[in-house]
Amino acid sequence: MQVGTFGSVYRYLYGVIILGAIVTTAVSSGFGFLNNVSKNKIQYKRNNAIICCMSIFISFLGFSNLVNHIYPIFGFLGLIQLILILKCK
């Protein structure tokens, strides 16, 4: 059953909820990544600016391309990060 069968209000509400979930996941992932790779405030600000600029260009790819191409890259980077965290501890 599709959400659209309940009416257009529910369809748009569902879209907003999904969009909110995507944004909060991206923000928390970016925040965690910045905290782990930045050693001081200067590096944090520089890395933050780089990520923000990259995200502007990445946003032009579209959601389906983002999911198909960029998410696996972030998964791979997350594995590398996990290995480095475990290695340091």
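# Exercises on a predicted three-helix model

The structure is a predicted model, in which the protein averages a pLDDT of 86 and 98% of the residues score at least 70.

**Exercise 1. Find which element of the protein has the lowest mean pLDDT and which has the highest.**

Solution. Begin with the lower end of the comparison, where helix α3, made of residues 63-88, has a mean pLDDT of 87. Then turn to the upper end, where α2 has the highest mean among the elements, at 89. As a general caution for reading any such model, predicted coordinates should not be read in detail where pLDDT is low.

**Exercise 2. Describe how helix α1 and helix α2 are placed relative to each other, and name the residues through which they meet.**

Solution. Two packed helices are described by the angle between their axes and the distance between the axes. Step one is to take these two values for helix α1 (residues 8-37) and helix α2 (residues 41-58), whose axes come within 9 Å and cross at roughly 140 degrees. Step two is to classify the angle: roughly parallel needs an angle under 35 degrees, roughly antiparallel one over 145, and roughly perpendicular one from 65 to 115, with the rest counted as oblique. The two helices, α1 and α2, are therefore oblique to each other. Step three adds the handedness, since α1 passes α2 in a right-handed crossing. Step four lists the residues: on the side of α1 they are Phe-31, Phe-33, Leu-34, Asn-35 and Val-37, and these meet Gln-43, Tyr-44, Asn-47, Asn-48 and Ile-51 of α2. Sorted by class, this contact holds six nonpolar residues, four polar ones and no charged ones.

**Exercise 3. Describe the packing of α1 and α3 in the same order of steps.**

Solution. The axes of α1 and α3 lie 12 Å apart, and the angle at which the two helices pack is about 30 degrees. The crossing of this pair is left-handed. On the side of α1, the residues that take part are Ile-22, Gly-32, Phe-33 and Asn-36, while α3 contributes Phe-63, Tyr-71, Gln-81 and Ile-85. Divided by class, the residues of this contact are five nonpolar, three polar and no charged.

**Exercise 4. Decide whether Asn-47 and Ile-70 are buried or exposed, and find what each of them touches.**

Solution. The cut-off needed here is that a residue is buried when its relative accessible area is under 20%. Asn-47, which is placed in helix α2, has a relative accessibility of 14% and so counts as buried. Not counting residues up to four places away in sequence, Asn-47 touches Leu-34, Val-37 and Ser-38. Ile-70, which lies in helix α3, is likewise buried, with a relative accessible area of 13%. When its neighbours within four places in sequence are left aside, Ile-70 is in contact with Ile-58, Leu-61 and Asn-65. For Ile-58, the separation from Ile-70 is twelve residues in sequence and 8.7 Å in space, C-alpha to C-alpha.

**Exercise 5. Classify Val-9, His-69 and Cys-88 by accessibility, and give for each a separation in sequence and in space.**

Solution. For this exercise the further cut-off is that exposed means over 50%, with partly exposed lying between buried and exposed. Val-9 of helix α1 has 61% relative accessibility and therefore counts as exposed. The C-alpha atoms of Val-9 and Lys-41 are separated by 44 Å, with their places 32 residues apart along the chain. His-69, in helix α3, has a relative accessible area of 49%, so this residue is partly exposed. From His-69 to Cys-52 there are 17 residues in sequence and 19 Å in space, C-alpha to C-alpha. Cys-88 is also found in helix α3, and with a relative accessible area of 70% this residue is exposed. Although Cys-88 and Asn-36 are 52 residues apart in sequence, their C-alpha atoms are 12 Å apart in space.

Notes: Residues are numbered from 1 along each chain as its sequence is written. This is a predicted model: local features need pLDDT of at least 70, side-chain atom pairs count only at pLDDT 80 or more; totals for chains, interfaces and linings use all residues. Side-chain values use heavy atoms; hydrogens and water are left out. Axes are lines fitted to C-alpha atoms, for helices over the stretch in contact, and angles run from 0 to 180 degrees between N-to-C directions. Helices (H or I, at least four residues) and strands (E, at least two) are DSSP runs, numbered from the N terminus. A crossing is left-handed if the near helix is turned anticlockwise from the far one by less than a right angle, and right-handed if clockwise. Contact means heavy atoms within 4.5 Å. Ala, Val, Leu, Ile, Met, Phe, Trp, Tyr, Cys and Pro count as nonpolar, Asp, Glu, Lys and Arg as charged, and the others, Gly among them, as polar. pLDDT is the predictor's confidence in each residue, from 0 to 100. Buried means under 20% relative accessible area, exposed over 50%, partly exposed in between (1.4 Å probe, protein chains only).
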